[in-house]
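Visitor: I've got a structure to look through and I'm new to this. Can you walk me round it?
Guide: Sure. Let's put it up first.

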Amino acid sequence: MKKMKTMDGNTAASHVAYAFTEVAAIYPITPSSPMAENIDEWSAYGQKNIFGQEVNVVELQSEGGASGSVHGSLQAGALTSTFTASQGLLLMIPNMYKISGELLPGVFHVSARAVATHALSIFGDHSDVMSTRQTGFALLASGGVQEVMDLGAVAHLSAIKSRIPFLHFFDGFRTSHEVQKIETWDYEDLKKMVDMEAIKDFRNRALSPMHPVTRGTAQNPDIFFQSRESSNTFYQRVPGIVEDYMRQVSKVTGRDYSLFNYYGDPNAKHVIVAMGSVTDTIEETIDYLNGNGEAVGLLKVHLYRPFSAKHFMEALPSSVERLAVLDRTKEPGALGEPLYEDIKTMYFDMDKRPLIVGGRYGLGSKDTTPSQIKAVFDNLKKDEPKNGFTIGIVDDVTNTSLEIKKDIVTEPEGTIMCKFWGFGSDGTVGANKNAIKIIGDNTDMYAQGYFQYDSKKSGGLTISHLRFGKNKIKSTYLIQQADYIACHNQAYVGQYDLLKGLKDGGKFVLNCRWGQEELEEKLPADMKRYMAENNIDFYIINATDIARDIGLGNRINMIMQASFFKIAKVIELDEAVKLLKKAIEESYGRKGKNIVEMNYQAVERGIEDLIRVDIPDSWKDAEEEKVQKEDAPDFIKEVLIPINRQEGDEIPVSQFVGAEDGTFPQGTAAYEKRGIAVEVPHWIKENCIQCNQCAYVCPHSVIRPFLLTEEEAKDAPESFEMLDAKGKSLKDYKFKIQISPLDCTGCGNCAETCPPKDKALKMMAPNTQAHEKQNWDYALSLSPKEDVMEPTSLKGSQFKKPLFEFCGACGGCGESSYARLITQLYGDRMMISNATGCSSIWGGSAPSTPYTTNHEGRGPAWANSLFEDNAEYGYGMALGNNQIMAKVEDLARELVELGAGDQLEEVLSEWIANRNDGEKTKKLYPRMVELLEKEIRNKEADRLRNQLLDLKDYFIRKSVWVFGGDGWAYDIGYGGLDHVLASGEDINVFVFDTEVYSNTGGQSSKATQLGAVAKFAASGKKVKKKDLGLMVTTYGYVYVAKIAMGANKNQTLKAIREAEAYKGPSLIIAYAPCVNHGIRSGMTHTQSRTKEAVESGYWHLFRYNPLLKKEDKNPFILDSKEPSKSLRDFLMGEVRFASLTKTFPEIADELFEQAEQDAKEKYETYRKLAGSD
Amino acid sequence: MARLNTTYMGLELENPIIIGANNLMANIENIKRMQEAGAGAIVYRSLFEEQIELEELQLVDRAQEYDDRHWEMIDVFPNIHHAGPKEHLYQLEKIREAISIPLIGSLNCINQDVWVHYAKKIEETGVDGLEINLYSVPYDIELEGTSIKKTHYEIIEEVKKNLSIPVSVKLSFFYTNPLNVIKEMDGLGIDALVIFNRLFQPDIDIEKEEHSSRFYLSSKGDYRLPLRYTGLLYKNIEADICSSTGIFTGKDVVRMILGGATAIQCVTAIYKNKITHITHMLKELEDWMESKGYKNLDDFRGKMSRKNLSSPFAYQRGQYVDILLSKEPIIKDYTI
């Protein structure tokens, strides 16, 4: 053993899983995906398991599918594993019963994650694992990265020996993504512990025609029960087997493992019972408390199922009088959470029972700190300790939360704590991982890293938490008190409370382009005061310019890393420089002397160019400038702003009263004004041809055409430039292209799309466009001109207000401009069911809601259920609406028959005749409501009238849309999608096809093209993309279109309009370029890439309109011309394809040739279907 | 009818026109066209060690461009590894299968161990010979010329020792005495010498005030430098001489063979005049030979070389002669 390495929990799990696994059947889900990705990568590069084989990794269409294949593979006699979390684990439950029922030794490694309830959470808690405690799997918990490595092995070894499948779990993100220096297992040591006889028996029991048996029979009441009970003995043996393997592991590693490990005072009266990553924090807190005269302890649960009361009692000191059981899950309506209930039940029959209370902590990765743990012990000291308590939140509604009287700092003396504020993709996280590796691999120090990311995909914030120390680091919580804080982005000054938690005398390094003399003006008063009052050692460095100077472009990471080593003094500077240079040699040595030299220079400049700032005394008295606070709704002030300032943890439960069901108001994104663009478009009106294409393609709805009446034009601010509007219906108006510089991400697709040779849009530094902010505000105050031009044309569509704006998508996102366009057309009567994925993240990441309302307060109503059920969820919305609308029709008919006066009868009759026509019902709505509000003076008629008014939200025919990505439509949701489309219901399905699981980091889907490199297709996808569109046309009654906005904007508009108008199911598949494609020309060109995709025959445009059959026309219309450009050239424009030529050239050649052939065949097929010979 | 065949570095060539390494070869169809147009042999594009290194760096950079942005998109591509020279070698294998004329690999490295490693890999693709490109772009003011030469000799020795196919050396003109360097290399057993490698020089864009690199082709008349050295080296070294640079016409080919070349390499000629130009060059060569009554190349090879000329001035004071040829009858008198 004794091989120390720095790695995260997922990698530790992969390391041991790989050793014992022959087949892995998986499906990607955060935060477990990296485990399977590691296995896939190691296998692709030839690593061998302990049986001398490469692991066979397969990606299924869902976790349900993955678990089915795990089951089958186990039946075939192969040791099989999977990796999952959250809903994924829940989808595996049916097979978990089967696998355990059939005593098959599979192992599931689970990075435990919250299960979606009122909201989705990708973060850690035990609600997923706790949902499987009844399945018959053994549940084994690890509390930290080292435990994942050690107990992960115990899970496999015990499963093989006991025949009981194991679920080994650890906390999502906190452990799965925490980087620690740990000791790794040598596969030879693992091999020695395997019960090879048990494996032989397992293989002999495998299904085989050589000795055939039948499994999975249907049993009647006579034998099912007995048969079920017959496996009891296997479960009885498990604790002993696990204990034995834990002893063996302890012997090899020197680390003490038991089913339950006790930590703390041997005579403790007050003890916490817990499992998972919190146990490390509890241990650290116990050290602190016991060091301060208390006598407390922790009972750490490893083997949760089967639960061994005997082992529990053996581990717990007999002195214990009070127990606090912590659960990282919530079971509403239960007497208590599961671990608590188990402990209570265990004690029920015992004579000596401690007082037992239970509490919840850490749901959805809520940070659990030593101060909170102290509060749990403090609670136990009370005469009547609170039961069913919570920690980490302020519950001011049902008052469950425990009060924290004083914050404590429990990290052992000598631990150096560092915090880094970085910008997504700026290299900060990578540099910090490197620093941990350097220190971890080259010194006897321990190192820990945990990284926080943004919930937006553009302009993302990263916060790195690094600890270094001579002892094992058990602080499984965010840094509360830092010795060192660095901010790598000057834009964060004033935006975040950067110095929060910096110790007295702590060090602060700011990367900025400001000179010392500018700091007086640039730094906010609270920062100045903090630094002056807390004796902060303050440094500045202009790493941005240094990096450019020495040829490193935007890469400031090496410079900042060197500054960190100089200032933080984790190790001696000379030693640090030596190690940094060694690391540079190792990373870049083979890549050329110049690159090594540049990085050497970065190290030197990062040390030499640091400027120590003398903090003037006057900063102690710095006062904030009085700024007039902008008026905003309470929700914005009390929820959105604190969350965006990284202060969401402080929001109390009462803030959510009234929104307990997870409801958020629309349009909150408009208040964010993030100002993240490096460049924003500047309108050159002389060159503008008023085509509105810039607005049409904008992914963030930040550039829009406005029409002004003469009066409005007169009142416009001075800098509000305008043109006479072009077009017959617009002759009385002025025209203006307006941008919102603070909402723009700077992708530049607008300027790139602008048709004139002399562009009417030029990308410029945001400070040159500052005046546009007031112009934007003025433009938004203009009267709506929605009916001036019909939205049947590209130009006309853009005079309609986007009811989707400022989403969190990546700059240049190929998906979101489609969503915006649809809201412009139907937003005011639209319902959206959105599959989990990128579109649900940019569409609804709290607190930012981009779907918004029009001047009448109407807009898209948006909801996300799950990943797999999206079509069905949307279908349900349609069914619900239809049913209530049918009721409206019944009431309307009744009222007409009863007599309601000529006007009302007329309007109701018209409504009945047109009730399936969205636009007509929208027009009828005001008149209908107005007339229904008038008393009829007939009791029965007035009753019907009031009943109708109660249902007025259903008067307008809703446009029901189902949005989702290709992972949903092609894979996990395909069965449901197919069913819903087959139902014949009037529903519109829109697929954002990025050809990969974009949201979870680029895993291959059935939409992934042949030859594309993606996770689980590292050597290029070997089979071609499913032609979902063509498949669906075979129904004959489903409207189908394949579109690509940048290739043919009019076809896109036409397809959307036709789909919505079609009174049946519609499916639109839209090509959506994505950061996962690695577009070599950059995300500025996403629109032009779609054009090139069509021109090269990579993507084809068609519409299949069943209505045409009624006109005796061919329903299949091919909108693509014969490809005129080279497909190979198109492929080489993207990293996902071009990289294959560099990594697997012979495979690339074969696959790309096949891709060319396939593209030709596909075009030929379409051409024939379109009837053009 | 004149016979154009020749033996170059032990390889039987139908004619002396070898197509030098160039980017048209990125498309295998172009290479087939070169064969169809009559090329005597092909030197495939160089395998550049630096290019592989930079590609590797670029691959990582591009794959990681959007990393660390979001909790679920900590990375967007699998951890892919550059396959080193595999792409190049694979292309070579394919070309080997596609053409029947001699195929020569080309190599351009920095580190000595890589020279040998890559050379062996190229040999394994089935090529008929290997051309190694030796040059040094001085940037270190302390570095002495002798150490550069020493390194070059060591590379040749190592490559020769490890390969069984013939090896040619394409070298730059920038040695204090190229003749002596060539003689030393000849002594190390090289099978052919290709003179010379053209080095691209940096330029400055005065508007943008930044460095620029431009690709430039050779010009008519550039053949004179290799011509002179061909003439000087003929029969003074064991290795075959392949003259390169500025050879545009069949007449230029004639000049080189008169100077003593075994074969010639051309690139710019086909860039400027399309691949089919090879056929015209061969026709011109053949017509000239027939007009002169030569039956094969050996009939006139080296006829105008230093060895076969009585006057010392044509080669020894070549620069002056080139410049002053028509203006100073007195020298002209001496040189005739």
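**A walk through chain A**

Guide: Let's start with one residue, A:Ile1117, which lies in strand β35 (residues 1116-1118) of chain A. Keep in mind that this is a predicted model.

Visitor: Is A:Ile1117 buried or exposed?
Guide: A:Ile1117 has 21 C-beta neighbours inside 10 Å, so it counts as buried.

Visitor: What does A:Ile1117 touch?
Guide: Leave out residues up to four places away in sequence, and A:Ile1117 touches A:Phe1102, A:Arg1103 and A:Ala1170.

Visitor: How are A:Ile1117 and A:Asn38 separated?
Guide: They are 1079 residues apart along the chain, and 44 Å separates their C-alpha atoms.

Visitor: OK, zoom out. How many helices and strands are in chain A?
Guide: Chain A has 42 helices and 35 strands. Its radius of gyration is 32 Å, close to the 32 Å that the globule rule gives for 1173 residues, so chain A is as compact as a globular protein of that length.

Visitor: What box do the C-alpha atoms fill?
Guide: Roughly 85 × 85 × 75 Å, taken along the principal axes.

Visitor: And what share of the residues count as buried?
Guide: Of the 1173 residues in chain A, 53% are buried. Helix α28 (residues 816-826) of chain A is mostly covered, with 10 of its 11 residues buried. Among them are A:Tyr818, A:Leu821 and A:Ile822.

Visitor: What about contacts across the sequence?
Guide: Take contacts in chain A between residues at least 6 apart in sequence. Of these, 77% join residues at least 24 apart.

Visitor: New topic: helix pairs. How do you describe two packed helices?
Guide: You give the angle between their axes and the distance between the axes. Try helix α31 (residues 902-914) and helix α32 (residues 918-932), both of chain A: they pack at about 150°, with axes 10 Å apart. Angles over 145 degrees count as roughly antiparallel, and α31(A) and α32(A) are therefore roughly antiparallel to each other. Their crossing is left-handed.

Visitor: Which residues meet there?
Guide: From α31(A), they include A:Leu904, A:Val907 and A:Trp911. From α32(A), they include A:Leu924, A:Met928 and A:Leu931. The contact residues divide into 7 nonpolar, 3 polar and 3 charged.

Visitor: Got another pair?
Guide: Yes. The axes of helix α30 (residues 870-898) and helix α33 (residues 939-950) of chain A come within 10 Å and cross at roughly 155°. That makes α30(A) roughly antiparallel to α33(A). This crossing is left-handed. Residues meeting here include A:Val888 and A:Leu895 in α30(A), and A:Leu944 and A:Leu948 in α33(A). The contact holds 8 nonpolar, 1 polar and 3 charged residues.

Visitor: Now the odd bits. Where are the cis peptide bonds?
Guide: I can show you two. One joins A:Arg305 and A:Pro306, with omega about -10°. A:Pro306 sits in the loop between β12 (303-305) and α12 (309-315) of chain A. Another joins A:Ala846 and A:Pro847, with omega about 5°. A:Pro847 is in the loop between α29 (838-844) and β29 (861-863) of chain A.

Visitor: Any unusual phi angles?
Guide: A:Ser365 is not a glycine, yet it has a positive phi of about 65°. A:Asn535 is not a glycine either, and its phi is positive at about 50°.

Visitor: Are A:Ser365 and A:Asn535 buried or exposed?
Guide: A:Ser365 has 22 C-beta neighbours inside 10 Å, so it counts as buried. A:Asn535 has 12, so it counts as exposed. A:Ser365 is in the loop between β14 (355-360) and α14 (370-381) of chain A. A:Asn535 is in the loop between α17 (525-533) and β21 (537-541) of chain A.

Visitor: Last one: how many residues of chain A are in contact with chain B?
Guide: 36 residues of chain A are in contact with 31 residues of chain B. On the chain A side, the elements giving two or more residues are α2 (33-44), α15 (428-442), α41 (1135-1143) and α42 (1145-1169).

Visitor: Which gives the largest share?
Guide: α41(A), with 5 residues. The chain A side that touches chain B divides into 10 nonpolar, 16 polar and 10 charged residues.

Key: Residues numbered from 1 in each chain as written. Chains lettered and ligands numbered in written order. Predicted model: local features only at pLDDT ≥ 70, side-chain atom pairs only at ≥ 80, totals over all residues. Axes fitted to C-alpha atoms, helices over the stretch in contact; angles between N-to-C directions. Helix = DSSP H or I, 4+ residues; strand = E, 2+ residues; numbered from the N terminus. Parallel < 35°, antiparallel > 145°, perpendicular 65-115°, else oblique. Left-handed = near helix turned anticlockwise from the far one by under 90°. Contact = placed C-beta atoms within 7 Å. Nonpolar A, V, L, I, M, F, W, Y, C, P; charged D, E, K, R; others polar. Rg over C-alpha atoms; globule rule 2.2 N^0.38 Å. Buried ≥ 20, exposed ≤ 12 C-beta atoms within 10 Å, placed from the backbone.
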